[in-house]
Amino acid sequence: MENFVITVGRQFGSCGKEIGHALAKRFNIAFYDKELIALASKESGLCQEFFEKADEKNSGNLLQAFAAGFTFGPFQYNDFLSNDKLFQIQSDVIRKVANEHSCVIVGRCADYILRDNENCISVFISARMEDRIRRAVEYAHIEEKEAEEYIRKADKSRASYYNYYTDKIWGAAESYDLCISSSVYGIDETTAFIREFVSKR
């Protein structure tokens with residue numbers, strides 16, 4: 001059987017990561033979220049902190065230059081290390097893992113990076129604001145009145161990153177194979193629905 005990949009885009013607080021992890025367990029395949037940062041660091045020889053600071057962000061330069069005479073993996077001190085360069089490295093890692101084995105990949109424009117992969121199924125998960133607020137309160141340990149602003153900022157950051165690096169619109173139905181709200185069925189049933197969709201696909 002050929003390798004297949006499920007990419008998961010998600011609103012903050014929609015349980016996209018949890019659903020992606022559950023899908024990986026149900027299909028008995030690999031799961032990648034923050035794990036991609038460690039892999040990108042290992043592949044490039046760059047400090048993992050660079051990728052963590054640039055994770056799903058498109059603005060700003062993390063490093064202008066290294067100290068004179070200093071080398072870091074394959075990069076020389078005079079390399080211009082931008083978020084675009086880090087995105088390119090991470091994209092290469094995403095293509096590599098997709099070629100090596102079946103997997104679920106959360107975020108990081110994976111659906112766009114793997115757009116030429118015929119066995120890639122892209123999913124976007126949303127949820128009702130009241131459900132997202134409740135989860136934000138639990139996740140970030142903040143009051144309800146702060147949670148909505150926290151959510152909007154998180155979504156804005158993800159949308160900005162996605163729209164910057166792709167020719168698609170984050171969260172728009174035409175950008176994905178399937179869009180679904182986890183508020184309708186809950187985590188378990190949403191996972192089951194997506195699994196059935198992928199199996200039929």
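Contact here means heavy atoms within 4.5 Å, a cut-off to keep in mind when we look at what covers a helix. One more thing before you start clicking: this is a predicted model.

**Stop 1: helix α6.** Select residues 129-140, which make up helix α6. Its 12 residues, at 1.5 Å each, should span 16 Å, and the end C-alpha atoms are indeed 16 Å apart, so expectation and model agree. Now colour Asp131, Arg132, Ile133, Arg135 and Ala136: these residues of α6 are buried. What covers them? Show the neighbours, and you will find α7 and α8 included in the cover. Before moving on, step just past the end of α6 to histidine 141, where phi is positive, at about 55 degrees.

**Stop 2: from α6 across to α7.** Keep arginine 132 selected and add aspartate 155. Their side chains meet in a salt bridge, with 2.2 Å from N to O. Arginine 132 belongs to α6 and aspartate 155 to helix α7 (residues 144-165), so this pair ties together parts that are 23 residues apart in sequence. Are the two partners buried or exposed? Both arginine 132 and aspartate 155 are buried.

**Stop 3: two loops joined.** Next, pick arginine 108 and aspartate 33, whose closest N and O atoms are 2.7 Å apart in a salt bridge. Arginine 108 sits in the loop between β5 (103-106) and α5 (110-113), while aspartate 33 is in the loop between β2 (30-32) and α2 (35-44); the pair therefore ties together parts 75 residues apart in sequence. Arginine 108 counts as buried because its relative accessibility is 1%, and aspartate 33 counts as buried at 4%.

**Stop 4: after α8.** Select arginine 201 and aspartate 177 for another salt bridge, with the closest N and O atoms 3.2 Å apart. Arginine 201 is in the segment after α8 and aspartate 177 in the loop between α7 and β7 (178-181), so parts 24 residues apart in sequence are tied together. Aspartate 177 is partly exposed, with a relative accessible area of 38%.

Now return to Asp33 and Arg108 and add Lys17: salt bridges with shared partners join these residues into one network. Across the whole structure, a search finds 10 salt bridges.

**Stop 5: a surface patch.** Finish by showing the surface of Val184, Tyr185 and Phe193, which make a nonpolar patch of about 300 Å². Phenylalanine 193 is placed in helix α8 (residues 182-200). With 38% relative accessibility, phenylalanine 193 counts as partly exposed.

Key. Residues are numbered from 1 along each chain as its sequence is written. This is a predicted model: local features need pLDDT of at least 70, side-chain atom pairs count only at pLDDT 80 or more; totals for chains, interfaces and linings use all residues. Side-chain values use heavy atoms; hydrogens and water are left out. Patches are made of residues with over 30% relative accessible area and no salt bridge: like charges are joined within 9 Å, nonpolar side chains (Val, Leu, Ile, Met, Phe, Trp, Tyr) within 5 Å. Accessible areas come from the Shrake-Rupley method with a 1.4 Å probe; for residues, only the protein chains shown count as cover. A salt bridge is a side-chain nitrogen of Lys or Arg within 4 Å of a carboxyl oxygen of Asp or Glu. Helices (H or I, at least four residues) and strands (E, at least two) are DSSP runs, numbered from the N terminus. Buried means under 20% relative accessible area, exposed over 50%, partly exposed in between (1.4 Å probe, protein chains only). The expected span of a helix is 1.5 Å times one less than its number of residues.
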